[in-house]
Amino acid sequence: FFFCFVPCPHTMASRPTVTVYGADGAAGSSSVALPGVFLAPVRPDVVHQVTVALSKNKRQPYSVNKYAGKSCAASSWGTGRAVSRIPRVQGGGTHRSGQGAYGNMCRGGRMFAPTKTWRKWHAKINVTQKRYAACSAIAASGVTPLVMARGHRVEDTPECPLVVDASVESTAKTQKAVDLLRKIGAHADVDKVVASRTMRAGKGKMRNRRFV
């Protein structure tokens, strides 16, 4: 039998530390303790639930025309004529007369339960649950296998999470920022993003959504 004893994070005397890298990409002599949020439990189920609920708040209301499928005059023939009691188009002299109308089972009829704009589009999420999901997502970003499973190219980065000195915020040129990313091994992820830009399939190309 193999026993593995994992210390509980709530009983740890100190938090893990990470190295602070300078603006030149070299490892500095100082290190800082990871914030306590990186010890939060990783709950993909909570993150997924909150993400799905939040995405509903960006939807735009839609509905079909209230008169769609109801534009013709039709009335039922009633009973006694050995046909169904669905409303039928009136008149004569054309194929359309006598055809069923209005029903969702009829050609040219309305849909079942026409959609309305007053549907409940948005979703409420508990504030505590949103905070829990945010903490869980931040904690997951510090686990290298989970970051790589998302498709990020972090094989060459020395640490995860990677902490860089605050002096990089004064970088004014894009080329210097690119050089820094190359020095710390993070530019492979940028190359992956650049290579993933593809042409959108469908009509979206005509609607200012050409690339995805």
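Let's start with Arg-197: its charged end sits over the ring of Phe-211, 3.7 Å from the ring centre. Keep in mind that this is a predicted model. Another arginine does something similar, with the charged end of Arg-88 placed over the ring of Trp-77, 5.1 Å from the centre of that ring. If you're after rings that pair with rings, the count comes to 1 aromatic pair. Such a pair is described by how far apart the ring centres are and by the angle between the planes.

Now for the backbone, where two spots deserve a look. Ala-82 isn't a glycine, yet its phi is positive, at about 60°. You'll find Ala-82 in the loop that runs between β3 (74-75) and β4 (88-89). The other spot is the peptide bond joining Cys-160 and Pro-161, which is cis, with omega about 5°. Pro-161 belongs to the loop between α3 and β5 (163-164).

Helix α3 also takes us to the largest pocket, since α1 (44-55), α2 (127-140) and α3 (144-149) each supply at least two residues of its lining. There's about 500 Å³ of space in this pocket. It is lined by 18 residues, and the closest to its centre are Ala-137, Ala-140, Ser-141, Leu-146 and Arg-150. What is the lining made of, in terms of nonpolar, polar and charged residues? It divides into 12 nonpolar, 3 polar and 3 charged.

So how far can you trust the picture? The mean pLDDT of the protein is 92, and 93% of its residues reach 70 or more. Over residues 9-13, though, the pLDDT is below 50, and this stretch has 0 contacts in the model beyond near neighbours in sequence. Where pLDDT is low, the predicted coordinates shouldn't be read in detail.

Terms used: Residues numbered from 1 in each chain as written. Predicted model: local features only at pLDDT ≥ 70, side-chain atom pairs only at ≥ 80, totals over all residues. Heavy atoms only, no water. 1 Å grid on protein atoms, 1.4 Å probe; cavity = no way out; pocket = protein on both sides within 12 Å on 5 of 7 lines; lining within 4 Å. Points joined across faces, edges and corners; volume = space filled by probe spheres on them. Helix = DSSP H or I, 4+ residues; strand = E, 2+ residues; numbered from the N terminus. Nonpolar A, V, L, I, M, F, W, Y, C, P; charged D, E, K, R; others polar. Phe/Tyr/Trp six-rings, centres within 6.5 Å; stacked < 30°, edge-to-face > 60°. Lys NZ or Arg CZ within 6 Å of the ring centre and 35° of its normal. pLDDT = per-residue confidence, 0-100. Contact = heavy atoms within 4.5 Å.
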